[in-house]
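Grab a pencil and open the viewer. Below are a few exercises on how the parts of a model pack together, each with a worked solution.

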Amino acid sequence: MGKTLAEKILSDKSGGSRKAGDIAISSVDLAFVQDTTGPLTIRAFKEAGFCELANHEKTVLFLDHAAPSPNWQLSNDHMFMRSFARETGCILSDVGEGVCHQVVAEKLARPGDVIVGADSHTVTAGGLGAFATGMGSSDVAVAFALGKTWFRVPETIFIELAGKFSKGVYAKDLILHLIGKIGADGATYKALEFGGSGVTKMAVTDRLTIANMAVEAGAKVGLFPSDEMTYEYLRSLGREKDYKPLSPDKDAVYGERLSIDLASLEPTVSQPHTVDNTALARELKGINVDQVVIGTCTNGRLEDLELAASILKGRRRHSRTRLIIGPASPKVLREGVKKGYIDTLLAAGAIILPPGCGPCLGLHQGALGDDEVCLSTANRNFKGRMGNPKGNIYLASTATAAASAITGKITDPREVL
Amino acid sequence: MLKGKAFKFGDNISTDHIVPGRLAHLRSNLPELAKHVLEDADPDFAGKVKPGDFVVGGSNFGLGSSREHAPLVIKMAGVSAVLAKSVARIFFRNAINRGLPVLICDTDKIKDGDELEVDMAGGKIKNLTRGKEITFKPIPEFMLNILNEGGLVPYITKYGDFKA
């Protein structure tokens, strides 16, 4: 019987043939934490009596959520994590060195890897064909020490993509549409696997955006095959040695199948306060927007800066709409500067944040006032997410965000392209 | 036998309802963080809940972040179990890893303030207020072994590894 991508990777990493429903004790190729989950992970690691890491070169501590730190408590957490990095010799990605998921994609994730991170958006690396998933601090502490973890091998929902996006429609619209369709718990405990002719020519950066939000449908992973586009992405980063092809078996058994024609999609928006509460951008036309955020692990890549700059070139943000741009890594920021995107965005009235998670989770750098509306390219719009339970968050593509920054209202980007 | 009062919440109670990101600076000060448990779903919850009580959700309880602080502060509030129609994957795993039982059952049969009695071994919940009995889905064996040790850290401390 053929295997899905999830079954293939977990069979490989657990040393036996596994199928959906089995328990797999899997080796872990990369384990990481960030600054809001790291301190609890380190405490669990110590409480369990561990002193040494299974592999210090494959253990990473990221300081990205509160970067730079807005208060002394989080600064102390940073000090605690830096000290653990010194004790154990693991990799420290310090303040300003980027959002964990972007750095993992640029430097660390390999097709076929098993990756666990104490951050739910660890699923992002599924865009590169890695079985990457978020876990809590205790699980990651054990992965740090033993170099392994346990999984229930997930059933897979196969999402067959066909056709091409029409003008003004992007990977973000696809994943918002899909979550709206299957619901915020539509894939709980399951794997989402993407395939079909619509995937063959899809850039890895788009795949990362889609995989990033698999968890918003409850999924354990969002997996893409590893193919020529994966090779191209890794080659562009000087990492061709990390490439290996990976595809599901032709006779793989899927729990469910869904087909989406990319050409049928329109710019899509998630409304407060759940990601599956979707509507088309044109249906929400006219809702005033106080703050636009372009960035985060979902849409903070160079392609997003390029797209935002192309829409905002020669234009300006609306006078009552703040425009906050958060490049996801120093590499993205530097290339954005070199290519002139940052200058264009500054000329359009944007605020440029240091590489990091920015205002996404409500720590700093753009908390909402009472009843304010934010249109963000992030992945979550839960009540209280951006620092205020009285704030309202809409999620959309970079193009919809840039278009809405110009008009000060939710705007279908096709109106300004 | 677990016994206490039900605190009923709706569907899609996220980890931001339980411990929002704006309180991230309290995550290394758990007693202080615990004073805010479920604040964005019910600002008075922390003041009302008593040891032994139950948090009762609808579907997809605990969706969102991987922050293990979410089940941890619920447990610190004295809650003896979370009952829900369904639960998000990471929250489920984190709760078990911290020794907090999560019981999947038909929570439509429970109203806010109902007195409940849970028989963990028998897989049954008695709604003493309404005189009804509700069964819950058995916790998967692998997770039950972790729960029975009080969580993942005590489990690993005892066995040194995962028991296949």
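**Exercise 1. Work out how helix 5 of chain A sits against helix 7 of chain B, and which residues make the contact.**

Keep in mind that this is a predicted model.

Step 1: Find the two helices. Helix 5 of chain A covers residues 137-146, and helix 7 of chain B covers residues 152-159.

Step 2: Look at the axes. They come within 9 Å of each other and cross at roughly 30°.

Step 3: Give the arrangement a name. Angles under 35 degrees count as roughly parallel, so helix 5 of chain A is roughly parallel to helix 7 of chain B.

Step 4: List the residues. Helix 5 of chain A brings A:Ser138, A:Asp139 and A:Val142, while helix 7 of chain B brings B:Leu152, B:Val153 and B:Ile156.

Step 5: Sort them by class. You get four nonpolar residues, one polar and one charged.

**Exercise 2. Zoom out to the whole contact between chains A and B: which element of chain A gives the most to the side that touches chain B?**

Step 1: Start with the totals. On chain A, 47 residues are in contact with 38 residues of chain B.

Step 2: Collect the candidates. Strand 1 (23-27), helix 2 (38-47), helix 3 (72-88) and helix 5 of chain A each supply at least two residues to this side.

Step 3: Pick the winner. Helix 5 of chain A gives the most, with five residues.

Step 4: Check the chemistry. The side of chain A that touches chain B has 20 nonpolar, 18 polar and nine charged residues.

**Exercise 3. Stay with helix 5 of chain A and describe how helix 2 of chain A packs against it.**

Step 1: Recall the two things to look for. Two packed helices are described by the angle between their axes and the distance between the axes.

Step 2: Fill them in. Helix 2 and helix 5 of chain A pack at an angle of about 60°, and their axes are 8 Å apart.

Step 3: Name the arrangement. That angle makes helix 2 of chain A oblique to helix 5 of chain A. The crossing of these two helices is right-handed.

Step 4: Name the residues. From helix 2 of chain A come A:Leu40, A:Thr41, A:Ala44 and A:Phe45; they meet A:Ser137, A:Ser138, A:Val140, A:Ala141, A:Phe144 and A:Ala145 of helix 5 of chain A.

Step 5: Sort them. Seven are nonpolar, three are polar and none is charged.

**Exercise 4. Which strands stand at the edges of the open sheet with the order 10-9-8-11 in chain A?**

Step 1: Read the order. This open sheet has four strands with parallel pairing.

Step 2: Go to the ends. Strand 10 (221-223) and strand 11 (256-261) of chain A each have a single partner strand, so one side of each has no neighbour in the sheet.

Step 3: Add the twist, which averages 20° from one strand to the next.

Step 4: Inspect one pair. Strand 9 (residues 191-195) and strand 10 of chain A pair in the parallel sense over three bridges. A:Leu192 stands opposite A:Gly222 in strand 10 of chain A.

**Exercise 5. Describe how the domains of chain A meet.**

Step 1: Set the bounds. The domain assignment gives domain 1 (5-261) and domain 2 (268-411) of chain A.

Step 2: Locate the centres. Taken over C-alpha atoms, they are separated by 24 Å.

Step 3: Count the contact. Domain 1 of chain A puts in 31 residues and domain 2 of chain A puts in 30.

Step 4: Find the main contributor. On the domain 1 side, helix 6 of chain A gives the most, with six residues.

Note on methods: Residues are numbered from 1 along each chain as its sequence is written. Chains are lettered from A and ligands numbered from 1 in the order in which they are written. This is a predicted model: local features need pLDDT of at least 70, side-chain atom pairs count only at pLDDT 80 or more; totals for chains, interfaces and linings use all residues. Axes are lines fitted to C-alpha atoms, for helices over the stretch in contact, and angles run from 0 to 180 degrees between N-to-C directions. Angles under 35 degrees count as roughly parallel, over 145 as roughly antiparallel, 65 to 115 as roughly perpendicular and the rest as oblique. Two residues are in contact if their C-beta atoms, placed from the backbone, lie within 7 Å. Ala, Val, Leu, Ile, Met, Phe, Trp, Tyr, Cys and Pro count as nonpolar, Asp, Glu, Lys and Arg as charged, and the others, Gly among them, as polar. Two strands pair if DSSP finds at least two bridges between them. Domain bounds come from an automatic or database domain assignment. A crossing is left-handed if the near helix is turned anticlockwise from the far one by less than a right angle, and right-handed if clockwise.
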